[in-house]
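User: Could you take a close look at one part of this model for me, the place where two helices from neighbouring copies meet? I'd like one connected walk-through.

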Protein chains: 4
Amino acid sequence: MTGTKEFLWPVRVYYEDTDAGGVVYYANYLRFMERARTEWLRQLGFEQDELLQREGILFAVRRVAVEFRRPARFNDRLSVRSRIRQRRRASLVFQQEIVRDVDRQLLCDGDVQVACIDAAGFRPRPIPDALLEALPDGF
Amino acid sequence: MTGTKEFLWPVRVYYEDTDAGGVVYYANYLRFMERARTEWLRQLGFEQDELLQREGILFAVRRVAVEFRRPARFNDRLSVRSRIRQRRRASLVFQQEIVRDVDRQLLCDGDVQVACIDAAGFRPRPIPDALLEALPDGF
Amino acid sequence: MTGTKEFLWPVRVYYEDTDAGGVVYYANYLRFMERARTEWLRQLGFEQDELLQREGILFAVRRVAVEFRRPARFNDRLSVRSRIRQRRRASLVFQQEIVRDVDRQLLCDGDVQVACIDAAGFRPRPIPDALLEALPDGF
Amino acid sequence: MTGTKEFLWPVRVYYEDTDAGGVVYYANYLRFMERARTEWLRQLGFEQDELLQREGILFAVRRVAVEFRRPARFNDRLSVRSRIRQRRRASLVFQQEIVRDVDRQLLCDGDVQVACIDAAGFRPRPIPDALLEALPDGF
């Protein structure tokens with residue numbers, strides 16, 4: 001186990017992320033959360049394009065349960081805080097929070113379950129051992 | 001109570017909806033679900049731009065819990081089936097399912113809680129009576 | 001030559017299409033234009049997923065030159081009007097306009113060049129004869 | 001004139017940016033270009049949310065002419081290189097290029113004209129002098 005318990009990733013809100021309500025379009029928080037998961041894997045030494053080419057696997061989101069508490073606005077600087085809630089043989093559950101930097105307000109949070117699947121048939125595949133070992137143990 | 005229990009809305013998958021996995025990017029199913037909610041309100045006689053201008057309210061997603069079961073692909077024709085799971089004073093819970101037309105496979109489903117808020121302060125506001133009455137009673 | 005000179009496709013503006021300026025995010029007009037091109041091909045009998053599977057080709061946008069004249073807003077109903085400006089061996093130039101239905105105002109217009117390429121190597125490939133013949137001659 | 005002639009901004013390609021062709025969806029390059037323009041203004045000391053609140057202005061894209069030369073793929077690291085091609089009283093023309101870091105290949109490039117408008121009526125407004133003076137002179 002080499003990873004830290006928690007991974008922080010910064011996100012800036014651009015016009016493309018907002019909607020006519022003047023705030024971030026809610027489905028886009030899920031994009032921010034995915035960027036954070038991708039960067040965490042990268043920091044641990046795992047590039048998803050290489051995992052696909054060498055092992056024929058990719059990670060697909062299987063389930064999300066997210067609460068949207070306060071809106072982020074154009075130009076806000078946010079932080080995505082990610083932890084592993086659960087490690088299984090073929091899936092991971094991430095607990096993720098998005099916080100606005102300027103006032104430390106929690107904007108949204110939730111759990112995202114990600115499954116390891118084979119890219120050809122979209123069937124479950126074991127997560128590579130090296131990756132499982134690199135990830136922290138959970139809470 | 002004038003509405004039907006269930007509302008069906010068709011969606012075609014375009015390139016813009018897919019990702020490099022060859023399938024619909026998971027956060028985009030939430031867009032499809034929102035289109036269906038918008039069209040349901042429209043069919044019941046409620047235009048959200050008029051609700052905003054006349055009553056100063058808008059609907060914001062407060063919580064989603066969605067399971068992604070099977071992938072949709074480019075060019076698929078989908079149907080979004082929506083029902084009301086819960087009607088409260090200032091929020092609604094929709095139960096929504098996305099089905100692929102050609103084989104009737106369930107691709108994803110879940111609950112989406114939508115809150116009625118004032119557009120200026122983003123605080124909860126009662127759902128207009130006329131709208132509550134137009135919506136079906138639930139399951 | 002079996003196609004009509006012009007193809008019309010309706011688009012409804014949802015929250016997902018807008019930004020915090022209160023209007024459609026400009027890059028999203030390009031999505032609307034692509035939906036119209038896809039539906040035109042479909043109406044002529046060409047499904048792009050079949051073209052990919054049977055002939056190994058896909059269409060990629062090579063060049064856009066678009067002017068954004070007036071903003072569309074949430075809930076607007078738009079029409080995309082498409083014509084062929086140029087037919088070449090391995091590419092097509094579409095001239096496309098987006099008009100707001102309620103007042104017939106021209107919102108944006110421009111040219112989009114689409115190249116036929118092989119899906120494996122992204123190199124130019126001749127447009128299938130049957131497709132070229134089905135398309136109208138141009139202006 | 002305090003700015004440098006050229007501004008570089010890095011972009012990482014995530015799944016959200018790609019489509020089923022396996023490459024970045026072409027309209028998303030326009031998002032990358034906008035992020036770069038936003039960050040350039042920020043580096044010069046101009047925050048667009050403050051410009052909106054204090055001066056009631058925002059910048060809207062009026063015209064794009066972009067050529068897509070080679071595809072970017074998931075996980076690619078890109079650089080957006082931006083210059084001012086033209087400074088007018090109420091608009092700017094940016095010349096922007098997107099290059100893939102690993103092999104310095106030019107992926108796409110073009111001109112983007114941005115107009116300064118009042119947020120209420122969407123009519124042209126002079127660009128604030130301080131901003132015009134901070135921008136470089138052009139090529």
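Analyst: Let's start with the yardstick: an angle over 145 degrees between two N-to-C directions counts as roughly antiparallel. Bear in mind that this is a predicted model.

Now to the helices. Helix α1 of chain C covers residues 26–43, as does α1 of chain D, and their axes come within 9 Å and cross at roughly 175 degrees. That is over the 145-degree cut-off, so α1(C) and α1(D) are roughly antiparallel to each other.

Who touches whom? On the chain C side, the helix brings C:Tyr26, C:Ala27, C:Asn28, C:Leu30, C:Arg31, C:Glu34 and C:Arg37. Across from them, α1(D) supplies D:Tyr26, D:Ala27, D:Asn28, D:Leu30, D:Arg31, D:Glu34 and D:Arg37. By type, the residues of this contact split into 6 nonpolar, 6 charged and 2 polar.

Staying with chain D, have a look at D:Ala119 too. This residue is in the loop between β5 (106–118) and α3 (129–134), and with 25% relative accessibility it counts as partly exposed. D:Gly56 is 63 residues away in sequence, yet the two C-alphas are 5.7 Å apart. Leaving out residues up to four places away in sequence, D:Ala119 touches D:Gly56 along with D:Leu52, D:Ile57 and D:Leu58.

As for the other pair, chain B superposes on chain A after a rotation of 180 degrees, with 0.0 Å of shift along the axis and an RMSD of 0.0 Å. That is the relation of a two-fold axis. In chain B, the C-alpha nearest that axis belongs to B:Ala65, 2.1 Å from it. Both copies use the same surface, as 100% of the contact residues of chain B recur in chain A.

Technical notes
Residues are numbered from 1 along each chain as its sequence is written. Chains are lettered from A and ligands numbered from 1 in the order in which they are written. This is a predicted model: local features need pLDDT of at least 70, side-chain atom pairs count only at pLDDT 80 or more; totals for chains, interfaces and linings use all residues. Side-chain values use heavy atoms; hydrogens and water are left out. Helices (H or I, at least four residues) and strands (E, at least two) are DSSP runs, numbered from the N terminus. Buried means under 20% relative accessible area, exposed over 50%, partly exposed in between (1.4 Å probe, protein chains only). Contact means heavy atoms within 4.5 Å. Copies are superposed by least squares on the C-alpha atoms of residues with pLDDT of at least 70 in both. Axes are lines fitted to C-alpha atoms, for helices over the stretch in contact, and angles run from 0 to 180 degrees between N-to-C directions. Angles under 35 degrees count as roughly parallel, over 145 as roughly antiparallel, 65 to 115 as roughly perpendicular and the rest as oblique. Ala, Val, Leu, Ile, Met, Phe, Trp, Tyr, Cys and Pro count as nonpolar, Asp, Glu, Lys and Arg as charged, and the others, Gly among them, as polar.
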